[in-house]
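User: I am new to this structure and would like a close look at one part of it, the packing of the helices and the turns around them. Please take me through it in one connected account.

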Amino acid sequence: MTTTTFGYDALQDRIWMRSHDLDQTVWLTRRMVSSMLGPLLKAFETATPGQQGGAPAAQRVAIEHRLALHEVAPGQPPARLTASRVTPGANADPQLRLCQRIVTRSGSQSVFLRFETGAEPLELKLGRRGMHLWLRGLAMVLRQTQWGLPPLPDWLHEGVMPPALQGLVDRAGQSAPPPPESAPPAAPASPGDN
């Protein structure tokens, strides 16, 4: 399974994506993400299997996304989406590794992504489940950017916590008593205050 990490560098105002398997990092600008994301999501959604059932593509991809995040297939590891403080890596020059072009191909079973940079390209071939995880990771880091991109589809906002567990957490938060109000701290007395 391909492992990728996303991060946002506010100083560069760019997203970086690191493929740990290939030990490569690429940097993505707002313009690049904006031009790539809509067509990529549309092609991925359209290629979702199950057309013969009659459900619209948006409904099929939402179901598939939920399963990708929460269901574990026999012999497969559970999905892992984690947040941490990771750096882009030592060989992640933001100019040399800046993505200049993205080539994508989306099929019913896999998605191919090629990120062309000033150095060697980064190529990822992901199964549909892997692509759902990749898109979710990108969506999570996009929240940090405040780039004002068009809204992402509702299915991409699916929580990473299984729905049953999220329901328990939500109910526990609703029944918890509010924290006690505290009095503002007293101002320290100075020697002249008497």
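Analyst: Asp 13 is partly exposed, because its relative accessible area of 27% falls between the cut-offs of 20% for buried and 50% for exposed. In this predicted model, Asp 13 sits in the loop that joins strand E1 (4–9) to strand E2 (14–19). The phi angle of Asp 13 is positive, near 55 degrees, although the residue is not a glycine. Most residues other than glycine have a negative phi.

Gln 146 also has a positive phi, of about 55 degrees, and is likewise not a glycine. Gln 146 belongs to the loop between H3 and helix H4 (163–175), and with a relative accessible area of 72% this residue is exposed.

Thr 145 is part of helix H3, which covers residues 128–145. Thr 145 is buried, since its relative accessible area is 7%, and burial here means a value under 20%. A polar atom of the Thr 145 side chain lies 2.7 Å from the backbone oxygen of Leu 142. When residues up to four places away in sequence are not counted, Thr 145 touches Tyr 8 and Ile 15.

Leu 142, the partner in that polar pair, lies in helix H3 as well, and at a relative accessibility of 12% Leu 142 counts as buried. Once its neighbours within four places in sequence are left aside, Leu 142 is in contact with Ile 15, Val 33, Leu 37, Trp 147, Leu 149 and Leu 152. Ile 15 is thus named among the contacts of Leu 142 and also among those of Thr 145. Although Leu 142 and Arg 30 are 112 residues apart along the chain, their C-alpha atoms are separated by 9.7 Å.

Val 33 and Leu 37 lead on to the contact between H1 and H3, where both are among the H1 residues involved. On the H1 side, Val 33 and Leu 37 are joined by Met 36, Leu 40, Leu 41 and Phe 44, and these residues meet Arg 128, Met 131, His 132, Trp 134, Leu 135, Leu 138 and Leu 142 in H3. By class, this contact has 11 nonpolar residues, one polar and one charged. Two packed helices are described by the angle between their axes and the distance between the axes. For H1 and H3, the axes come within 13 Å and cross at roughly 145 degrees, and the crossing in which H1 passes H3 is left-handed.

Helix H1 (residues 30–46) also meets helix H2 (residues 57–70), with axes that come within 8 Å and cross at roughly 90 degrees. H1 and H2 are therefore roughly perpendicular to each other. Phe 44, Glu 45 and Thr 46 make the contact from H1, while Ala 57, Ala 58, Arg 60, Val 61 and Glu 64 make it from H2. The residues of this contact comprise four nonpolar, one polar and three charged.

H2 and H3 complete this account, packing at an angle of about 90 degrees with their axes 9 Å apart, so these two helices are roughly perpendicular to each other. The residues that make this contact are Val 61, Glu 64, His 65, Ala 68 and Leu 69 of H2, together with Arg 128, Arg 129, His 132, Leu 133 and Arg 136 of H3. Divided by class, the contact of H2 with H3 holds four nonpolar, two polar and four charged residues.

Note on methods
Residues numbered from 1 in each chain as written. Predicted model: local features only at pLDDT ≥ 70, side-chain atom pairs only at ≥ 80, totals over all residues. Heavy atoms only, no water. Helix = DSSP H or I, 4+ residues; strand = E, 2+ residues; numbered from the N terminus. Buried < 20%, exposed > 50% of the residue type's maximum accessible area, 1.4 Å probe, protein only. Polar contact = N/O pair within 3.5 Å; in protein donor to acceptor, adjacent residues only side chain to side chain. Contact = heavy atoms within 4.5 Å. Axes fitted to C-alpha atoms, helices over the stretch in contact; angles between N-to-C directions. Parallel < 35°, antiparallel > 145°, perpendicular 65-115°, else oblique. Nonpolar A, V, L, I, M, F, W, Y, C, P; charged D, E, K, R; others polar. Left-handed = near helix turned anticlockwise from the far one by under 90°.
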